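Me: I have a structure to go through with you. Can we take it piece by piece?

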Amino acid sequence: MAGRLEGKVAFITGAARGQGRAHAVRMAQEGADIIAIDICKQIDSVQIPLSNPEDLAETADLVKNLDRRIFTAEVDTRDFDALKAAVDAGVEEFGRLDVIVANAGIGNGGQTLDKTGEPDWNDMIAVNLSGVWKTVKAGVPHILAGGNGGSIILTSSVGGLKAYPHTGHYVAAKHGVIGLMRTFAVELGAQNVRVNSVCPTNVNTPLFMNEGTMKLFRPDLENPGPDDMKVVGQMMHTLPIGWVEPEDVANAVLFLASDEARYITGVALPVDGGSCLK
Ligand SMILES: NC(=O)c1ccc[n+]([C@@H]2O[C@H](COP(=O)([O-])OP(=O)(O)OC[C@H]3O[C@@H](n4cnc5c(N)ncnc54)[C@H](O)[C@@H]3O)[C@@H](O)[C@H]2O)c1
């Protein structure tokens, strides 16, 4: 049976690990070839280690093991020229582009907005908002050149739909992603390019599952672990969960990328265990 993305090519940012890797694998399972980029080095304001070249190589192996092709490049989404060069080279190799998943993102800081420092603010907006715009800008000419339409998915967050304390710059960037998504949707709709967002709640990736978040969730404990965080995480959701897995978000992204969603555009889809109901 043909896969849901058979013969298609998807460009994914932040693909070395976490949700980006899950998107690459899930789409490859459904027949897509993948153009995968990731920064594979550190950004100073980010407290947790970002990806490394081995992570991106592991994503490549996972895709190749599914008998799909993958083009990888170490690129910072803040660098438009490098992004464009990478996606141009990937499309040169695979011959087309159908799907863009602007997923790369960071967490930093952890202060209330009035105490947030400018380096944290600037990096946050540069990666989580401007990087998303640059990703689409770099990729969309190839989708348009194909003349077959396409699907673009921008990773926002529940933090793009409502506010959380201690991460206002993240909330601002993710609300901005929804604005980008809606504008691209109206600008590209006539060419049959659909543009949507996914809005995940907490996801079991290094961005969430780290010491800093555990301490933020459980300031009452000296050395909180995942089980301690889960108690608080459950209070955020309608379903009895503290977080979702990267594959849960990948399934939503796959749906939006596939023809099953052919008339869905301009939507901010929560993958949130009912968090938005609270
Ligand atoms: N984990 C969560 O709880 C959660 C919740 C809602 C939304 N999100 C969003 O999901 C997306 C994916 O995050 P994740 O949970 O997989 O975290 P993650 O840290 O595991 O993965 C993020 C990836 O993006 C890469 N990256 C960061 N900055 C980059 C840049 N400038 N250029 C290229 N690559 C860059 C990192 O190296 C890393 O591989 C992010 O946009 C994040 O904001 C995460």
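Me: Which hand does the crossing of helix 4 and helix 5 have?
Reply: The crossing of helix 4 and helix 5 is right-handed (a crossing is left-handed if the near helix is turned anticlockwise from the far one by less than a right angle, and right-handed if clockwise). Helices here (H or I, at least four residues) and strands (E, at least two) are DSSP runs, numbered from the N terminus.

Me: What should I know about the model and the conventions?
Reply: This is a predicted model: local features need pLDDT of at least 70, side-chain atom pairs count only at pLDDT 80 or more, and totals for chains, interfaces and linings use all residues. Residues are numbered from 1 along each chain as its sequence is written, and side-chain values use heavy atoms, with hydrogens and water left out.

Me: Back to the helices. At what angle do helix 4 and helix 5 pack, and how far apart are their axes?
Reply: Helix 4 (residues 118-146) and helix 5 (residues 168-188) pack at about 20°, with axes 9 Å apart. Axes are lines fitted to C-alpha atoms, for helices over the stretch in contact, and angles run from 0 to 180 degrees between N-to-C directions. The two helices are therefore roughly parallel to each other (angles under 35 degrees count as roughly parallel, over 145 as roughly antiparallel, 65 to 115 as roughly perpendicular and the rest as oblique).

Me: Which residues make the contact?
Reply: Contact means heavy atoms within 4.5 Å. Helix 4 contributes residues including Trp121, Ile125, Leu129, Trp133 and Leu144; among those from helix 5 are Tyr170, Val177, Leu180, Phe184 and Leu188.

Me: How many nonpolar, polar and charged residues does that contact have?
Reply: The contact of helix 4 with helix 5 has 16 nonpolar, three polar and two charged residues. Ala, Val, Leu, Ile, Met, Phe, Trp, Tyr, Cys and Pro count as nonpolar, Asp, Glu, Lys and Arg as charged, and the others, Gly among them, as polar.

Me: Is leucine 144 buried, partly exposed or exposed?
Reply: Leucine 144 is partly exposed, at 33% relative accessible area. Buried means under 20%, exposed over 50%, partly exposed in between (1.4 Å probe, protein chains only).

Me: What does leucine 144 touch?
Reply: Not counting residues up to four places away in sequence, leucine 144 touches Leu188, Gln191 and Val193. The C-alpha atoms of leucine 144 and valine 193 are separated by 8.1 Å, though the two are 49 residues apart along the chain.

Me: New topic. How many disulfides does the structure hold?
Reply: Zero, where a disulfide is a pair of cysteine sulfur atoms within 2.5 Å.

Me: Why does cysteine 199 have no bond to cysteine 276?
Reply: The sulfur of cysteine 276 is the closest cysteine sulfur to that of cysteine 199, but at 7.1 Å it is too far for a bond. Cysteine 199 is buried, with a relative accessible area of 0%.

Me: Which residue in the loop between helix 5 and strand 6 should I look at?
Reply: Asparagine 192 is found there, with strand 6 spanning 193-200. Asparagine 192 has a positive phi of about 65° although it is not a glycine. At 51% relative accessibility, asparagine 192 counts as exposed.

Me: And what is phi for histidine 166?
Reply: Phi of histidine 166 is near 70°, again positive in a residue other than glycine. Histidine 166 sits in the loop between strand 5 (150-155) and helix 5, and is partly exposed at 34%.
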